[in-house]
Every structure is written in C-alpha cells, then in structure tokens.
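Reader: Could you take me through this model, beginning with how its helices pack?

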Amino acid sequence: MKAVARRQLPLRPAGPDTAAALLDWYDRERRDLPWRGKRGKRVDPYRVWLSEIMLQQTTVKAVIPFYERFLQRWPTVDALAAADTEDVLSAWAGLGYYSRARNLHKCAKAVVSEHGGQFPRTEEGLGALPGIGPYTAAAVAAIAFGIPATPVDGNIERVVSRLFAFKQPLPGAKRELKRLAASLTPQRRAGDFAQAMMDLGATVCTPKRPSCLMCPLQQDFCRTGFPASMDARPGSVLTYCLITRLCRYHVIL
Ligand code: SF4
C-alpha cells in the first residue's frame with residue numbers, strides 16, 4: 001500500500017433519485033406474492049384490497065392460503081358481496097380479528113350497492129368505505145390505480161426514520177414521517193414504489209438486524225446505516241468502512 005487518501009462522497013438528496021434506486025432494486029428483488037401483478041401490469045383492485053385487509057396484523061405467510069381460498073370461492077367483489085356473512089366469517093376463521101371479516105363483507109356490499117361494483121379510484125373515496133383506513137386507502141390507490149399515494153405503516157415509518165436519521169420519538173413524529181415518505185413517492189410507478197418500500201421494510205431494513213450492505217439506499221441516500229447488521233471482524237478497516245457511514249470515504253491505493 002503506497003499511500004492512502006480519502007475523499008468523502010456526499011449523500012444525495014432524498015427524492016426522485018431515491019425512488020429510482022429503490023425501483024431498480026424492486027425490479028430485481030421483489031417478492032413474488034400471489035396478489036401482485038406481472039411487471040408493468042395493473043392489478044385488479046379487488047385483489048389488492050382483499051390482500052391488504054388480510055395483511056393487517058397478520059404475516060404474509062399466514063395470509064397466502066387464506067387469500068387463495070377466498071379468491072377461489074369469491075373471485076369478484078360481486079361474488080363476495082352476495083355471500084352469506086356466516087360463510088365469510090367461517091372462511092376467515094384462523095386469521096383472527098373477526099371485525100376485519102365483517103367489515104370486509106360490508107365493504108364488498110357497499111362497493112356493489114353504492115359504486116356499481118367498481119372500487120372508487122381516489123384515496124378519499126376508498127377511505128370512506130367500511131374497514132378501509134388511511135394506510136389501506138393509500139395502498140389500494142397506489143397499487144391498483146397508480147395514484148401517487150403513500151401508504152405508511154410501522155415498517156415504512158421505520159425505513160423512513162432511518163433513511164432521514166429522524167430522531168423525534170413516535171407517535172408525535174408520525175405526521176412528519178408521513179410527509180417525508182410522501183416526499184419520496186414518484187408520480188410514475190407509485191404502486192411499485194409502495195410495494196418496494198414494503199419489501200425493503202420486510203426483508204432488508206428489518207427491525208433488529210437491518211441488512212444495510214444489501215440495501216439499495218445505503219450507499220447514496222441513507223443517513224443511518226447500521227454497523228450492527230454486519231458480520232464485521234473487529235479491527236478490519238475494510239469491513240469497518242463497508243459497514244459504517246465511513247464507507248463514504250474512498251481508499252485510494
Ligand atoms: S442502509 Fe440500513 S438502515 Fe438505511 S434504509 Fe438501508 S437497511 Fe435501513
């Protein structure tokens with residue numbers, strides 16, 4: 001090693017480039033889930049809504065068999081609206097939180113009776129339906145209709161707070177985290193962006209051991225980075241540089 005010089009690379013401002021980096025990663029790494037459409041294709045709002053309601057307070061793994069059974073039995077919102085409530089509740093058994101199943105059925109009926117079987121195409125319209133809160137309204141608006149809405153749940157709050165090194169404690173910070181998340185949402189591919197944030201929170205920027213080295217935002221955008229997520233050998237300069245914000249220095253040999 002002849003000489004060592006270091007230069008700091010500034011973080012790039014969060015915004016369209018952040019979204020572009022995340023979408024590139026999503027195109028390569030996205031989870032293959034039964035309610036997701038093929039790349040570039042819009043998904044039936046009924047499927048998006050059904051999956052989002054089922055996923056509240058429940059894991060993806062637990063939801064998949066229920067989702068597939070529901071879809072097989074009631075393939076459209078009209079079919080679900082026409083079902084007997086007791087049949088819906090019995091098909092839901094095992095997913096917990098039965099109020100969700102009751103609201104699911106009420107919502108299907110409202111879509112059919114008040115909207116001609118079509119889900120409203122706005123966040124506000126979706127949010128006015130039974131059982132649809134702000135997160136689900138934003139998720140359905142973005143994923144099913146491509147509206148630049150920003151669903152923010154606990155996972156996305158965690159990603160955003162790390163990305164911006166946001167220190168204010170919850171719950172007071174919720175409004176600001178929502179604003180920061182919205183500032184990243186692109187006008188195009190808003191649904192993919194929402195799902196990319198969901199995937200990042202579920203698979204990379206996890207609560208206890210985020211895999212920062214695997215993260216598409218670590219190098220240029222994240223103001224946190226977590227050394228604890230790496231299997232670092234103590235004393236290794238290279239490892240240290242890779243796992244901390246000091247990785248923003250280049251070592252020139
Ligand atoms: S670099 Fe680490 S902390 Fe930052 S967003 Fe990615 S996984 Fe999360």
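**Helix packing, burial and the ligand shell**

Author: α5 passes α6 in a right-handed crossing, where right-handed means that the near helix is turned clockwise from the far one by less than a right angle, and left-handed that it is turned anticlockwise. The model is a predicted one, in which local features need pLDDT of at least 70 and side-chain atom pairs count only at pLDDT 80 or more, while totals for chains, interfaces and linings use all residues. Residues are numbered from 1 along each chain as its sequence is written.

Reader: At what angle do α5 and α6 pack, and how far apart are their axes?

Author: Helix α5, residues 85-92, packs against helix α6, residues 98-115, at about 140°, and the two axes are 9 Å apart. Axes here are lines fitted to C-alpha atoms over the stretch in contact, with angles from 0 to 180 degrees between N-to-C directions. The pair is therefore oblique, the class left over once angles under 35 degrees (roughly parallel), over 145 (roughly antiparallel) and 65 to 115 (roughly perpendicular) are set aside.

Reader: And which residues meet there, in α5 and in α6?

Author: From α5 come Thr-85, Val-88, Leu-89 and Trp-92, and they meet Tyr-98, Ala-101, Leu-104 and His-105 of α6; a contact requires C-beta atoms, placed from the backbone, within 7 Å. By class this contact has six nonpolar, two polar and no charged residues, with Ala, Val, Leu, Ile, Met, Phe, Trp, Tyr, Cys and Pro taken as nonpolar, Asp, Glu, Lys and Arg as charged, and the others, Gly among them, as polar.

Reader: Zooming out, how many helices and strands are in the chain?

Author: The chain has 12 helices and zero strands, as DSSP runs numbered from the N terminus (H or I of at least four residues for helices, E of at least two for strands). Of its 253 residues, 34% are buried, a word used when 20 or more other C-beta atoms lie within 10 Å of a residue's own, against 12 or fewer for exposed and anything in between for partly exposed. Among contacts with a separation of 6 or more, 61% join residues 24 or more positions apart.

Reader: How many of the residues of α2 are buried?

Author: In helix α2, residues 45-55, 10 of the 11 are buried, so the helix is largely enclosed by the rest of the structure. The buried ones include Tyr-46, Trp-49, Ile-53 and also Arg-47 and Glu-52.

Reader: What covers the buried residues of α2?

Author: The cover includes α3 (60-73), α4 (77-81), α6 and α8. With α3, the packing angle is about 140° and the axes are 10 Å apart, so α2 and α3 are oblique to each other, and their crossing is right-handed. In that contact Arg-47, Leu-50, Ser-51, Met-54 and Leu-55 of α2 meet Val-60, Val-63, Phe-66, Tyr-67, Phe-70 and Leu-71 of α3, which by class gives nine nonpolar, one polar and one charged. Just after α2, Gln-57 takes a positive phi of about 60°.

Reader: How close do the axes of α8 and α11 come?

Author: The axes of α8 (residues 134-145) and α11 come within 6 Å and cross at roughly 125°, and that makes α8 oblique to α11. Ala-139, Ala-142 and Ile-143 in α8 meet Ala-190, Gly-191, Ala-194 and Gln-195 in α11, and the classes are five nonpolar, two polar and no charged.

Reader: Switching to the ligand, which residues are closest?

Author: Of the 14 residues around the ligand (C-beta atom, placed from the backbone, within 6 Å of it), the closest are Cys-205, Cys-212, Cys-215, Gln-218 and Cys-222. The shell divides into 10 nonpolar, three polar and one charged.

Reader: Is Cys-215 buried or exposed?

Author: Cys-215 counts as buried because it has 23 C-beta neighbours inside 10 Å, although it is found in the loop between α11 (190-203) and α12 (237-243). Leaving aside neighbours within four places in sequence, Cys-215 is in contact with Val-204, Cys-205 and Cys-222.

Reader: Last one: where is the place of Pro-148, and what does it touch?

Author: Pro-148 is in the loop between α8 and α9 (154-163), and, not counting residues up to four places away in sequence, it touches Thr-185, Pro-186, Gln-187 and Ala-190. The C-alpha atoms of Pro-148 and Thr-185 are separated by 6.4 Å although the two are 37 residues apart along the chain.

Notes: Contact = placed C-beta atoms within 7 Å.
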